[in-house]
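This report is meant to be read beside the sequence and the coordinates. It moves from the ligand site to the charged pairs, and then to the strands and the surface.

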Amino acid sequence: MSKIRIYELAKQLGVANKDLVAKINSIGIEAKSHMAMLTEEEAAKVTALYQPKKEEPKKDAPKKDAPKQNQPKQNQPKQDGQKKENDRRQDGNRPAQKKDNRNEGRSNENRNESKQGKGNNNNNNNNNKQGGQNNKGAQQQGKKDNNKGKDKKDKKGNKNGQKVRENPMERRRREMEEEAALMAELAALEAEEANADPVIKYIPESITVKDLAEVLGKKGSDLVMNLMKKGKMLAINATLDFDTAASIAEEYNVILEQEEEKDIMEEAFGAEEEEDESKLEERPPVVVVMGHVDHGKTSLLDAIRHSSVTKGEAGGITQHIGAYTVQIDGKPITFLDTPGHEAFTAMRMRGAQITDIAILVVAADDGVMPQTVEAINHAKAAGVEIIVAINKMDKPSANPDRVKQELTEYGLLAEDWGGTTVCVPVSAHTKEGIDNLLEMIILTAEMKELKANPNKKARGAIIEAQLDKGRGPVATVLVQSGTLRVGDPVVAGPAYGRIRAMTDDKGRRVKSAGPSTPVEILGLSEVPAAGDSFYVAANEKQARQLAESVIAKNRETLISQTPQKVSLDDLFNQIQSGNMKELGIIVKADVQGSVEAVRQSLEKLTNEEVRVRVIHGGVGAVTESDVLLASASNAIIIGFNVRPEPAAKAFADEEKVDIRLYRVIYNAIEDIQAAMKGMLDPIYEEKVLGHAEVRQIFKASGVGTIAGSYVKDGKFVRNCQVRIVRDGIVVYEGDLESLRRFKDDVKEVAAGYECGLVFKKFNDVKEGDWIEAFTMVEVPR
Ligand SMILES: Nc1nc2c(ncn2[C@@H]2O[C@H](COP(=O)(O)OP(=O)(O)OP(=O)(O)O)[C@@H](O)[C@H]2O)c(=O)[nH]1
């Protein structure tokens with residue numbers, strides 16, 4: 001054993017958890033609770049503390065090996081079952097022990113009791129009382145069944161003793177009292193021990209307060225109350241991460257262990273484990289091309305595969321299946337043929353890490369533009385190697401140095417400037433530099449030592465998929481390991497089926513596809529999503545069952561995850577519950593200067609609990625791509641003097657991404673600051689409750705003017721606010737002091753009833769006045 005929890009050691013030593021924790025702390029080892037872990041060394045140190053005490057007290061108390069000689073009968077039977085407790089029992093048997101020593105003995109016996117039955121325990125108590133007179137106890141040892149009877153005998157014997165000796169009743173009484181006290185203490189310890197024996201329970205990665213309460217065997221409301229008393233304000237439906245739940249559970253003596261997050265597919269097929277080196281073979285790199293609009297992504301991809309998709313598909317030689325492989329000096333490179341980072345991010349969102357290298361296309365005449373920055377951020381976030389292709393070098397206005405200069409601002413320093421980023425000047429038009437770029441890709445890939453085992457069942461990712469009228473669901477898949485074959489039963493998310501046919505990127509029918517090979521497959525039951533992983537199942541039945549489980553799980557996840565996205569309103573709760581360690585923000589503004597200003601001001605808000613990080617900043621409207629990034633990174637979007645594009649707004653609503661729009665930077669900072677402290681001022685909105693007409697005025701001394709009114713619509717409720725309208729003009733707005741029906745105060749008066757209204761500090765109400773009742777309600781931001 002390398003580590004031991006304190007409660008386990010306490011059990012071994014037979015001491016109360018609390019005492020042990022105190023003792024541990026007293027020797028300078030920090031331990032918050034009995035759940036804390038001790039290293040082997042620490043445990044030994046602590047154990048040592050308890051050993052000398054056993055030996056020390058009596059001169060006739062035997063040392064080390066002696067007990068066996070002196071108290072053989074007493075110890076032997078117990079040794080059979082409980083070697084470790086043996087010594088402690090001796091403590092209990094010793095008369096002149098100090099109080100805490102006695103406690104040790106007792107708590108030990110207490111445990112003993114639970115293990116060996118009551119008789120035995122009584123027996124020990126007797127031993128305790130009788131101190132050195134161990135013989136009786138010793139005679140009783142090992143005869144558990146007879147213990148009770150023996151015990152009685154003991155007592156009788158004592159009584160006899162009293163008769164025979166005229167020894168003072170007093171002493172007997174004291175003894176009885178002592179026994180009673182001892183028993184009570186024992187019971188208390190027993191209860192404590194029962195409590196202290198922690199239970200291990202398993203929970204998922206996150207759990208709601210309600211479910212946690214169930215796990216702990218408590219009422220949800222009790223748990224909320226207890227947490228509240230400890231200063232943790234958590235709603236019953238609040239979701240706690242594992243660590244928070246575990247620390248709460250500790251207080252209830254429950255150890256939480258995390259259930260393995262069971263990915264249906266991984267459970268069925270096993271995680272992609274480290275392969276035996278000898279089985280691995282080199283595989284082609286998978287490359288994605290990213291960059292700003294019109295910087296030449298398509299042209300570059302085009303130039304690379306020597307066709308001209310921009311001028312229309314040439315003779316059907318190359319099929320557009322979403323990915324293709326080119327051979328460079330006999331070495332293949334697989335390109336994802338979907339330029340732009342949307343597809344890339346969509347895949348990443350679904351957990352698919354399929355690309356090895358990202359080519360960042362930057363037009364030499366245009367330089368780094370907003371989408372270039374986005375692309376950099378996306379690639380960095382995914383941990384993908386970036387190679388910069390400075391395109392359009394054929395243009396007279398091309399200025400590669402400016403591009404390199406601008407890239408430095410985003411952490412990319414060109415190799416020839418002393419950095420590590422490979423920058424290759426190219427022209428998709430003249431093909432200048434393309435070979436060099438491809439060479440760099442090969443080099444980078446070699447450095448990365450990309451390998452996979454082709455000799456096993458295939459698994460990989462869906463690159464794109466659509467429903468073809470004639471052929472049904474068609475999916476382009478990228479095999480990541482193993483070899484995919486026609487006839488294989490596959491499952492990809494909710495889709496399953498036996499592969500009917502496979503086509504490669506050149507439109508040729510193929511029978512198999514190895515690692516890093518893109519192929520189009522037919523035969524799936526439905527259209528999977530880009531980014532879904534696919535697996536080859538044992539048979540079609542297994543594939544179908546797994547797909548069905550995925551469908552069911554997706555439904556659950558959709559329901560449970562939807563409200564979990566971060567928003568400023570629940571930021572504080574998330575910080576409190578430990579869910580939020582980093583607040584990601586995307587800043588969009590009208591000018592670059594504002595973006596920078598906001599970035600700096602916001603990042604300064606970082607404190608010990610939460611790090612504020614602007615993961616992307618740019619000029620212009622909030623776009624769908626911003627929302628996509630926010631959603632994938634669980635970030636919020638802040639806009640200055642910009643609006644979201646309508647589609648982005650709709651997308652944000654769908655994805656539950658919080659978009660905040662401001663005109664003044666300071667307001668944004670204030671909001672985030674307030675949200676981090678849980679003090680975001682709520683927004684209130686007036687809600688009209690009803691209307692009444694004043695029909696008669698009464699004066700009552702001590703009360704003031706009572707407006708006898710008739711509720712026309714809605715209702716009036718106690719403590720609502722009112723405005724009195726006379727000839728279209730509001731003459732009073734304030735609180736309703738009292739609401740009565742006849743002489744009684746009432747909670748509410750509905751439409752069609754008469755009532756008496758008294759207004760706070762306003763008596764000038766007149767017949768015919770129109771009263772509007774309203775209340776202010778908090779509205780979600
Ligand atoms: N002079 C010159 N023009 C180029 C080069 N590469 C691309 N272009 C032109 O730049 C324009 C945009 O090229 P695309 O390949 O469509 O750019 P893109 O980045 O794929 O654009 P989107 O798909 O709209 O994001 C086209 O008019 C191309 O002809 C180049 O190397 N030199």
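What follows describes selected features of a predicted model.

**The ligand and its surroundings**

The ligand is surrounded by 15 residues, and the closest of these are Lys297, Thr298, Ser299, Asp394 and Ala428. Among the elements of the chain, helix 16, which covers residues 297-304, gives the most to this shell, with three residues. Polar atoms of the protein approach oxygen atoms of the ligand at several points: an N or O atom in the side chain of Ser299 is 2.6 Å from one, a polar backbone atom of Asp294 is 3.1 Å from one, and a polar side-chain atom of Ser427 lies 3.3 Å from one. Taken alone the ligand exposes 640 Å², and the protein buries 72% of that.

Asp294 deserves a separate description, since its backbone and its setting can both be stated. The residue lies in the loop between strand 8 (286-291) and helix 16, and its phi is near 70 degrees, a positive value in a residue other than glycine. With a relative accessible area of 62%, Asp294 is exposed, because the cut-off for that class is over 50%. A positive phi is also found at Asp329, where the angle is near 50 degrees and the residue is again one other than glycine. Asp329 sits in the loop between strand 9 (323-328) and strand 10 (331-336), and it counts as exposed at 77% relative accessibility.

**Charged pairs**

Side chains of opposite charge can pair when their charged atoms come close. A search of the whole structure finds 24 salt bridges, and the table lists some of them with the distance between N and O atoms.

| Basic residue | Acidic residue | N to O distance |
|---|---|---|
| Arg283 | Asp356 | 3.0 Å |
| Lys448 | Glu385 | 3.5 Å |
| Lys766 | Asp764 | 3.3 Å |

Arg283 forms its salt bridge with Asp356. Arg283 lies in the loop between strand 7 (281-282) and strand 8, and Asp356 in the loop between helix 17 (341-349) and strand 11 (357-363), so the pair ties together parts that are 73 residues apart in sequence. Arg283 counts as buried at 18% relative accessibility, and Asp356 is buried as well, with a relative accessible area of 9%.

The side chains of Lys448 and Glu385 also meet in a salt bridge. This pair links distant parts of the chain, with Lys448 in helix 20 (residues 434-448) and Glu385 in strand 12 (residues 385-391), 63 residues apart. Lys448 counts as partly exposed at 31% relative accessibility, as does Glu385 at 35%.

In the pair formed by Lys766 and Asp764, Lys766 counts as partly exposed at 40% relative accessibility, and Asp764 is partly exposed with a relative accessible area of 42%. Elsewhere, Asp468, Arg471 and Glu520 are linked in a network of salt bridges.

**Strand pairing and a surface patch**

Strand 15 (residues 459-468) pairs with strand 16 (residues 472-481) in the antiparallel sense over nine bridges, and a hairpin of three residues joins the two strands. Within this pairing, Gly460 stands opposite Val479 in strand 16. Strand 15 also runs antiparallel to strand 24 (residues 533-536), to which three bridges join it, and there the bridge partner of Ala461 is Ser533.

On the surface, Met225, Met228 and Met233 make a nonpolar patch of about 300 Å². Met228 lies in helix 13 (residues 220-229) and is partly exposed, with a relative accessible area of 38%.

Definitions and conventions. Residues are numbered from 1 along each chain as its sequence is written. This is a predicted model: local features need pLDDT of at least 70, side-chain atom pairs count only at pLDDT 80 or more; totals for chains, interfaces and linings use all residues. Side-chain values use heavy atoms; hydrogens and water are left out. Patches are made of residues with over 30% relative accessible area and no salt bridge: like charges are joined within 9 Å, nonpolar side chains (Val, Leu, Ile, Met, Phe, Trp, Tyr) within 5 Å. Accessible areas come from the Shrake-Rupley method with a 1.4 Å probe; for residues, only the protein chains shown count as cover. A salt bridge is a side-chain nitrogen of Lys or Arg within 4 Å of a carboxyl oxygen of Asp or Glu. Helices (H or I, at least four residues) and strands (E, at least two) are DSSP runs, numbered from the N terminus. Buried means under 20% relative accessible area, exposed over 50%, partly exposed in between (1.4 Å probe, protein chains only). Two strands pair if DSSP finds at least two bridges between them. A residue is near a molecule or strand if one of its heavy atoms lies within 4 Å of it. A polar contact is a pair of N or O atoms within 3.5 Å; within protein, one must be able to donate a hydrogen and the other to accept it, and residues adjacent in sequence count only if both atoms are side-chain atoms.
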